[in-house]
Amino acid sequence: MHEYVRTGASVICAFCLCLGLLCGCSAPAQELGSAGVQVTLAGSTSVQPFVELLEEHYSAENPQAPPINVQGGGSTAGVQAAASGIADIGMSSRELREKELALGLHALPVARDAIAVIVHPTNSLAGLTSEQVRDVFSGRIGDWSELGGRRARIVVVTREEGSGTRGAFEDLVMADTPIAAGALRQDSNGSVRVIVAGHPDAIGYISLGIVDQRVKALRLDEVTPTTDSVVSGEYVLARPFLFLWKTEPPRAAKEFVDFVLGADGQELLVSEGLVSVEEP
Amino acid sequence: MRSDRIIEAILFVSALSAIAALVVITFFIFQTGVPAIFRIGVSDFLFGTEWAPTRGHYGILTMMAGSLWVTFGALLLGVPLGLAVAILTTEFAPPSVVRVLRPAIQLLAGIPSVVYGFVGLLVLVPLIRQVLGGPGLSILAGSLVLGMMILPNVVSISEDAIRAVPQSYREGALALGATQWQTIWRVVLPAARSGIIASIVLAMGRAVGETMAVIMVVGNALNMPRSVLDATTTLTSNIGLEMGYASGQHREALFGIGVVLFVFIMLLNSMARWLTRTRRP
Amino acid sequence: MTETVWRYKVNPRITQKVGEAVIWLAGGLTLLILMLLVFYILWNGLPQVNWRFLSSSPMMMGREGGILPTIVGTVVLTLLAVVIATPFGVATAVYLVEYTRPSRITEMIRFGADALAGIPSIIYGLFGFVFFVIRLNLGWSILSGALTLAIMILPTIVRTSEEALRAVPDDFREVSLSLGASRWGMVTSVVLPAALPAVATGVVLGMGRCVGETAAVILTAGSSLRLPTGLDSPVRTMSVHFYILAREGISDRMAWGTGAVLVISILAINVLVNWLAVRLARRGARR
């Protein structure tokens, strides 16, 4: 009998602890106080390093400006952070989807980025057609010899489904053909590059801005991916970097956005391999 | 004594913190995940072989297979090695060697999973690809990396279990003419069985739950693995891969995977509990 | 104990030799792997580590500069998490071992701790994000991160403390109680000091887990590169920085440097705690 009372009491006790945690903490949390005004940007991991770079220069030039915090999480997380207000500005590396457009967000392009199809530097191919790319990534073509290369199984590397980069790739190249289930999925541009750089038979797609001598970028339909061919529109595999917000961002955030869109900001982005949003 | 009672009460409430935290976490995960599983359809979810959120397919069978393969491999590699090291430090090694080995094991435990993953990616993956074939990113790579990661867990808890075996057991066996090895194999280890199994269970939990290192070396392919050289996806690596980007039903499905992981680990714990219970005299 | 009957009698001297050899081989193999691992990390990373690296902030997207904010972030987050978790963890273990007989409640508590231990860190990250960052409105902050990490290492501390306390011979307790000590007095003056080295190991394992945790930290403490100014500032830890650098392929040089600092920090933590535990135990036994 005593045992049951004890058990009951302790269950109630534990339950109260939970309730207490759930309710009681919210109040003091607000009083924890802010370290002053902060500006928070959150979202795409592709955009994040570039914005951090911009922040670096911005705060060097404007030491009295409030701190700007840059947070990753992914394009979709950026959309949600902007919609819910957790972040002042959300970052996205893809266009907004239908359902997201209904959220009532302002979308401001701050740069353009191209997607390059990459292979190992020792790969004999120099370029592919869109259709060939589609067949390779869907698994229809499984061996490099079918494309004129040596006899070897093609190792397909892709981003995960929700990635903005993959979304753009699927929209512009794959159309309705799904990417093969056996493709290796990686969670960032950098890791795709690492895999392709280390495997002679691999193929993948990454942000043009981070292509370097470790991998070889293929021509797509005879067009070489460069910032020029993106600007001219010849190279079609391009996506925008967007800043998103729902309600008017605070003044400090707006000043930062002005910097990003200004000459200095855009020059910085271009020097890092992105394409400016300014009209030439 | 009044003060003793008060202290006991304080300790009791602290102990409930473990339950409180667990309840809150469970509630959160189940609240989102369970409805999602039912909405997708339990058998479609658990036994479907296609995971394609953009087309509305949420089958996790391939991921479960991946998790099982990788975990089993990790245990195969890590448990015997870990147990052997635990026996070494408790029974065979002189204090001078222990003084070197124990910090070494602790250091292994402290190395972050992402570092293991990165080293695995740069060293193990090319090695596997060149020597054994396949893409290199594989179940084998995952098992090797995980095996090393769970080693310290197995060692430390097994050590405590072995050391908890009363010295009288050993002395009794030796007095009967057993060699040191016979004593360990037939007397000490069986006596320490509950603690050793506990270490294996916790290690299994750690292996099943590891995300970052696995994402980096296991390839994350979505087809059914047929050999240890195939790339695969584990339940955790899939959550890690897609969580940041997923929304709506996709995210809820990931919480559903969380529910499966949860239940699986609960089953593990219960099994371990049942095994050790029968040992009590 | 019943003797099993073997069909083939193997000379026990042989099993002794073989068994011992295998055990030593295992130890040697483990040590070798560790040395190779650490050597690889340090060989790649140490060249980057100098005073400027440790004391300056990252610049040029992490390609240059140093990692000071990440060091601060790691230290603050880990210490706070340990400070929160250890009292709860040790108290739970003490309660389970010293104050109770096996009962439904203790089974529940132990089950809770074991279950928590098994929950993958990514789920802690999800939970921490939805609960602390959003629901409790703490935002991406040190507090969110520390609370999440504290819950994560709680079971480790409980488990190892429990084993540690159980390993203390009952004689210690009986002697103390027979001398008239209260239960709490017995625990603090005799049992805890004797169990301290093993408890310290548990805390160290917990600390190591905090320092190495990536997924849960990104989702709760954020990944801001600025020096934190308060408990509500987001913060980036060295592990997160390493992951982002290595994954994005921004700078392998900087990534290895971070990795080297990480490994050296872990080594330093371990050495320090072991030294502390030995000293405390020695002092406790002398009393």
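These are my notebook entries on a predicted model with chains A, B and C.

**Entry 1: chain C on its own**

I started with chain C and counted its secondary structure: 11 helices and two strands. Reading along the sequence, I get α-α-β-β-α-α-α-α-α-α-α-α-α, so the two strands follow the second helix and everything after them is helical. Along the principal axes, the C-alpha atoms take up a box of roughly 70 × 50 × 40 Å. I also pulled the burial figure, and 54% of the 287 residues of chain C count as buried. For contacts with a separation of 6 or more, 75% in chain C join residues 24 or more positions apart.

**Entry 2: one residue in chain C**

I picked C:Leu196 for a closer look. Where does C:Leu196 sit? I found it in helix α8 of chain C. Is C:Leu196 buried or exposed? C:Leu196 has 20 other C-beta atoms within 10 Å, and since 20 or more is the cut-off, it counts as buried. I then checked one partner far along the sequence, C:Leu276. The two residues are 80 positions apart along the chain, and their C-alpha atoms are separated by 9.7 Å.

**Entry 3: chain C against chain B**

Next I went to the interface between C and B. Chain C puts 76 residues into this contact and chain B puts in 66. On the chain C side, I listed the elements that supply at least two residues each: α1 (12-45), α3, α4 (104-118), α5 (121-135), α6 (142-167), α8 (183-212), α10 (238-248) and α11 (252-286). Which element gives the largest share of that side? My lookup says α1(C), with 19 residues. By class, the chain C side that touches chain B has 52 nonpolar, 18 polar and six charged residues.

**Entry 4: a helix pair across B and C**

I wanted one helix pair from this interface in detail, and took helix α1 of chain B (residues 2-40) with helix α3 of chain C (residues 68-98). Their axes come within 8 Å and cross at roughly 115°. The range for roughly perpendicular runs from 65 to 115 degrees, so α1(B) is roughly perpendicular to α3(C). I noted the hand as well: α1(B) passes α3(C) in a left-handed crossing.

Then I wrote down who meets whom. From α1(B) I have B:Leu11, B:Phe12, B:Ser14, B:Ala15, B:Ser17 and B:Ala18. Facing them from α3(C) are C:Phe88, C:Ala91, C:Thr92, C:Val94, C:Tyr95 and C:Leu96. I sorted the residues of this contact into nine nonpolar, three polar and no charged.

**Entry 5: a helix pair inside chain B**

For a pair within one chain, I looked at helix α7 (residues 167-175) and helix α8 (residues 180-191) of chain B. The axes come within 10 Å and cross at roughly 155°. Angles over 145 count as roughly antiparallel, so that is the label for α7(B) and α8(B). The crossing of α7(B) past α8(B) is right-handed.

The α7(B) residues in the contact are B:Tyr169, B:Arg170, B:Ala173 and B:Leu174. From α8(B), I noted B:Thr183, B:Val187, B:Val188 and B:Ala191. I make the split six nonpolar, one polar and one charged.

**Entry 6: chain B against chain A**

I moved on to the interface of B with A. Here 29 residues of chain B meet 28 residues of chain A. On the chain B side, the elements giving two or more residues are α1, α5 (113-131) and α11 (235-242). The largest share, six residues, comes from α1(B). The classes on this side are 19 nonpolar, eight polar and two charged.

**Entry 7: chain A and its domains**

Last, I looked at chain A itself. It has 11 helices and 11 strands. I read off that 46% of its 280 residues count as buried. Of the contacts in chain A with a separation of 6 or more, residues 24 or more positions apart account for 75%.

How does the domain assignment divide chain A? It gives domain 1 as 4-112 + 241-271 and domain 2 as 114-232. The contact takes 10 residues from domain 1 of chain A and nine from domain 2 of chain A. I then classed the domain 1 side that touches domain 2, and found no nonpolar, eight polar and two charged residues.

Terms used
Residues numbered from 1 in each chain as written. Chains lettered and ligands numbered in written order. Predicted model: local features only at pLDDT ≥ 70, side-chain atom pairs only at ≥ 80, totals over all residues. Axes fitted to C-alpha atoms, helices over the stretch in contact; angles between N-to-C directions. Helix = DSSP H or I, 4+ residues; strand = E, 2+ residues; numbered from the N terminus. Parallel < 35°, antiparallel > 145°, perpendicular 65-115°, else oblique. Left-handed = near helix turned anticlockwise from the far one by under 90°. Contact = placed C-beta atoms within 7 Å. Nonpolar A, V, L, I, M, F, W, Y, C, P; charged D, E, K, R; others polar. Domains from an automatic or database assignment. Buried ≥ 20, exposed ≤ 12 C-beta atoms within 10 Å, placed from the backbone.
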